Amino acid sequence: MSCDEKVDCGRRNLIVATAAAGGVGGLAVAVPFIASMAPSERAKSAGAPVEADISKLEPGQMMIVEWRGKPVWILRRTPEMLASLKKTDDLVSDPHSEKTMQPDYCKNEDRSIKPEYFVVVGICTHLGCSPSEKFKTGAESGVTADWAGGFLCPCHGSTFDLAGRVYKNKPAPDNLVVPPYMYLSDSKILIGEDKKGA
Ligand code: FES
């Protein structure tokens, strides 16, 4: 099936998604996937904002929330993961996300409100497949020997760093899209609404 149908592709990949996480450059440890928090049918049909409880998200773990039929990833980045963004600055095509969609309050190197928590729509900007987590670094990742951690799109090989920035010379034209969101508290994020700003 073609992945032109972005929503369907996203959903299909959401169902089979698993998350693995590990320290960048250190021991890689498989961790359990944190189940997505599906909104009510009413909320989905209305495109309403979706609340995510991040209180159980450990460093290095990622959870997936469905918003408007799309998978939204919430990755709790470790200090090592954040440090990797310095290494990938020169390798990505739009390091400052100048031609990419994200709210103004996420227009920074981390592409987030709080550096530790990265919130992004998990849909490739090429033809809409859902990239896979590749959090292990180096050859163990199966990507490249000097891989710094990030995401790999299985459809045509686009690679993204841990801020969703696409590597140079890949089919995907843009970085992954950061949706509007806001913190309701230290442990709750509202995705799809940012009325109160960052
Ligand atoms: S859909 Fe991701 S590289 Fe083509």
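1. The backbone oxygen of Gly122 and a polar atom of the Ser130 side chain lie 2.9 Å apart. This distance, like every value in this note, comes from a predicted model. Ser130 is located in the loop between strand 7 and strand 8 (132-134). Its relative accessibility is 7%, and because buried means under 20% relative accessible area, Ser130 counts as buried. Ser130 also has a partner in space: its C-alpha is 6.4 Å from that of Cys153, although 23 residues separate the two in sequence.

2. A second serine deserves attention alongside the first. Ser158 belongs to the loop between strand 9 (150-152) and strand 10 (159-160). With a relative accessible area of 1%, Ser158 is buried. Its side chain reaches the backbone nitrogen of Ala172 at 2.9 Å.

3. The next point concerns strand 7, which comprises residues 117-121. Is this strand enclosed by the rest of the structure or open to the outside? Five of its five residues are buried, so strand 7 is largely enclosed by the rest of the structure. The side chains may be followed on each side of the strand: Tyr117, Val119 and Val121 point one way, whereas Phe118 and Val120 point the other way, and all of them are buried.

4. Strand 7 has a pairing partner in strand 6 (residues 70-76). The two run in the antiparallel sense and are joined over five bridges. Within this pairing, Ile74 has Val119 of strand 7 as its bridge partner. In general terms, strands of a sheet pair through backbone hydrogen bonds, either parallel or antiparallel.

5. Strands 8, 9 and 10 should be considered together. These three strands form an open sheet in the order 8-9-10, with antiparallel pairing. Strand 8 and strand 10 stand at the edges with a single partner strand each, so one side of each has no neighbour in the sheet. Strand 9 and strand 10 are paired over two bridges in the antiparallel sense. Phe151 is placed opposite Phe160 of strand 10.

6. Helix 3 (residues 79-88) has buried residues at Met81, Ser84, Leu85 and Thr88. Why are these residues said to line one face of the helix? Seen down the axis of helix 3, they fall within an arc of 115°, so they line one face. An α-helix has 3.6 residues a turn, so residues three or four places apart point the same way. The face turned away from the buried side of helix 3 carries Pro79, Lys86 and Lys87, which are exposed.

7. The final point is the largest pocket, which holds about 260 Å³ of space. It is lined by 14 residues, and those closest to its centre are Lys70, Met101, Val121, Ile123 and Val177. How is the lining divided by class? Ten of the residues are nonpolar, two are polar and two are charged. One of the residues closest to the centre, Val121, has already appeared among the buried residues of strand 7.

Definitions and conventions:
Residues are numbered from 1 along each chain as its sequence is written. This is a predicted model: local features need pLDDT of at least 70, side-chain atom pairs count only at pLDDT 80 or more; totals for chains, interfaces and linings use all residues. Side-chain values use heavy atoms; hydrogens and water are left out. Buried means under 20% relative accessible area, exposed over 50%, partly exposed in between (1.4 Å probe, protein chains only). Helices (H or I, at least four residues) and strands (E, at least two) are DSSP runs, numbered from the N terminus. Two strands pair if DSSP finds at least two bridges between them. On a 1 Å grid over the protein atoms alone, a cavity is a set of points where a 1.4 Å probe fits but cannot get out, and a pocket is an open set with protein on both sides within 12 Å along at least five of seven lines; lining residues have an atom within 4 Å of a point. Grid points are joined across faces, edges and corners, and a volume is the space filled by probe spheres set on the points. Ala, Val, Leu, Ile, Met, Phe, Trp, Tyr, Cys and Pro count as nonpolar, Asp, Glu, Lys and Arg as charged, and the others, Gly among them, as polar. The arc is that of the directions from the helix axis to the C-beta atoms. A polar contact is a pair of N or O atoms within 3.5 Å; within protein, one must be able to donate a hydrogen and the other to accept it, and residues adjacent in sequence count only if both atoms are side-chain atoms.
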